[in-house]
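Let's go through this one together, asking what lies behind each term. Here is the structure to keep beside you.

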Amino acid sequence: ERLRGAGHGQGLRRGRAGPGRRAGAALLAAGYQELRERAAREPAAFWGALGREVLRWDSPYHTACDSQLGPDRVRWFLGGRLNVSVNCLDQHVHQSPDRVALIWEKDEPGTEVKITYRELLDMTCRLANTLKKYGVQKGDRVAIYMSVTPLAVAAMLACARIGAIHTVVFAGFSAESLAGRIIDSGCKAVITYNQGLRGGRAVELKKTVDEAVKNCPSIKHVFVAQRTDSTVHMGNRDIPLEEEMAKEAPVCAPESMDSEDILFMLYTSGSTGKPKGIVHTQAGYLLYAAHVFDYQQGDVFGCVADIGWITGHSYVVYGPLCNGGTSVLFESTPLYPDPGRYWETVQRLKINQFYGAPTAVRLLLKYGDKWVKKYDRSSLKTLGSETGGICIAPRPSEEGADVIPAMAMRPFFGIIPALMDENGRVIEGNDVSGALCIAQPWPGLARTIYGDHQRFIDTYFKMYPGYYFTGDGAYRSSEGYYQITGRMDDVINISGHRLGTAEIEDAMDEHPAVPETAVIGYPHEIKGEGAFAFIVLKEDTAHTERVKEELRSIVASKIAKYAVPDHVLVVKRLPKTRSGKIMRRVLKKIVTDQCNDLGDVTTLDDPSIVTEILDAYQKYKTQQSASS
């Protein structure tokens with residue numbers, strides 16, 4: 001019944017038959033093991049054949065891949081030209097104009113709206129023409145600060161159509177965070193709504209944009225759409241978007257883009273320092289995103305991520321639409337109007353593939369199984385939870401092969417994992433752990449950090465030259481399967497034992513009364529470092545002290561006695577960014593009495609949680625002092 005550890009159901013998209021596509025068609029007809037071996041042995045030939053089969057080109061590429069893996073050498077489909085919006089819209093409008101492209105699951109249950117491919121192309125072209133009318137050109141950057149709606153998808157595709165570079169900012173970030181992204185990317189325009197709707201509440205998007213652009217001299221125009229009936233102040237650079245779109249033609253000639261031109265930038269949430277503007281390019285990204293969960297024509301694909309994240313980019317917008325699929329746009333929250341919202345939506349829309357964030361799943365665990373079992377989920381074929389650019393996942397696999405909960409398991413096509421030791425040497429064999437690197441380039445690999453290529457090199461390529469460093473640690477089992485053990489920077493050293501905090505968290509999460517945990521290291525005068533655990537309990541959990549003791553026993557038996565946290569503090573909530581990441585540095589600052597220097601907490605979903613946790617910590621310290 002639960003989604004914890006659910007794996008991907010990845011399957012290759014079957015493209016159009018036709019002249020020049022026979023190699024790709026033959027490739028797609030091969031078995032999984034054959035495909036995997038060929039992708040590892042001949043990546044350029046493998047992805048080159050798929051590129052011909054899956055994508056629609058203006059000009060064919062002459063070289064599939066510059067195959068050396070390095071910070072300045074990863075290039076795919078050299079010489080090729082295409083337009084991403086044509087691949088996502090025009091080709092499907094030509095074949096099936098009335099096929100449903102989007103089902104907009106609006107904030108209020110039961111008010112969904114269906115948008116056909118013809119309607120989405122019309123909307124995209126009018127929006128693209130509006131952008132051009134106001135001076136947005138190929139290479140210009142455009143910020144999109146919108147809730148999850150068809151118009152937001154059209155905004156992304158309109159940028160792609162005219163060769164502009166979009167940077168979508170999650171419509172919950174603060175004005176300060178939005179301004180930082182606009183300044184870093186040098187955006188020329190912002191597209192937003194008067195307000196957003198989320199969880200039954202209005203979100204003041206235009207007001208946030210107004211506050212942000214006060215400090216953004218690069219912004220020439222703010223395009224404002226109407227999501228609600230609320231009237232907002234319109235200044236000199238504000239443009240009423242729908243009014244202007246209505247004046248434009250529903251046809252816009254697509255810009256022919258080089259394969260390696262920038263498609264979009266997407267910024268990290270800033271939970272660990274200055275946000276990074278990750279750059280993705282046209283053809284390689286689109287091809288990689290087009291491999292979507294064994295999607296079959298006629299399925300309703302339900303990725304409930306926000307479009308402001310890479311998962312939303314890939315598996316709400318570009319992946320499903322490139323496949324000609326029907327994609328669900330989920331505007332609301334998993335708890336509105338109650339914790340059964342996801343499953344009520346599955347029942348009503350007859351969703352076939354459900355793809356949700358691990359954070360949301362952990363949140364729902366707090367409310368038990370009753371909300372899941374209340375609704376009919378028989379339409380579901382595939383459950384997925386993990387990431388936005390698949391590198392290692394339980395699927396694809398041969399029919400009947402194992403899927404092990406909470407294990408990433410198998411490398412995806414063309415991905416060659418390598419585990420590295422502390423001296424930068426490859427660790428051979430099975431039943432071993434190390435830093436997870438990738439030894440071979442793949443089309444979906446990011447190309448740089450916008451405006452700071454040196455940071456890109458330092459972050460991903462410097463530590464292990466010749467390899468891409470994921471930042472994760474991993475375990476390779478005796479069967480050769482991979483399990484992510486946590487971020488390498490989330491490692492504590494307890495009495496000489498190096499241990500990922502995620503390992504402790506995973507063990508504690510097995511307790512049925514504990515839906516969420518966060519573990520941090522803190523200075524310990526004897527052990528060097530100790531583990532401090534923050535836990536959230538399910539509603540109506542009794543016998544808190546007994547639960548704590550049971551958690552300690554679980555960690556001792558699952559890992560070792562030295563891994564048992566010295567302190568376990570019950571809190572109502574954990575400090576999370578709006579993307580759902582736990583801001584562990586805030587917890588560490590609290591435990592190490594550095595609350596006067598918390599750093600940027602504007603990305604927290606609710607900044608008041610800091611005070612809430614600090615109060616709980618102070619009471620805990622007082623109790624500890626009294627008992628000692």
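Q: What are the helix and strand shares of residues 142-164, and how far apart do the end C-alpha atoms lie?
A: The span is 57% helix and 17% strand, and its end C-alpha atoms lie 7 Å apart. Helices (H or I, at least four residues) and strands (E, at least two) are DSSP runs, numbered from the N terminus. This is a predicted model, where local features need pLDDT of at least 70, side-chain atom pairs count only at pLDDT 80 or more, and totals for chains, interfaces and linings use all residues. Residues are numbered from 1 along each chain as its sequence is written, and side-chain values use heavy atoms, leaving out hydrogens and water.

Q: What does UniProt list for residues 142-164?
A: The unreviewed entry lists them as "transmembrane region"; such annotations may be inferred rather than shown by experiment.

Q: Why are helix 4 and helix 11 called oblique to each other?
A: The axes of helix 4 (residues 84-95) and helix 11 (residues 310-322), lines fitted to C-alpha atoms over the stretch in contact, cross at roughly 55°. Angles run from 0 to 180 degrees between N-to-C directions. Under 35 degrees counts as roughly parallel, over 145 as roughly antiparallel, 65 to 115 as roughly perpendicular and the rest as oblique, so this pair is oblique.

Q: Which residues of helix 4 and helix 11 meet?
A: With contact meaning heavy atoms within 4.5 Å, Val84, Asn87, Cys88, Gln91 and His92 in helix 4 meet Tyr318, Leu321 and Cys322 in helix 11.

Q: How many helices and strands has the chain?
A: It has 19 helices and 31 strands.
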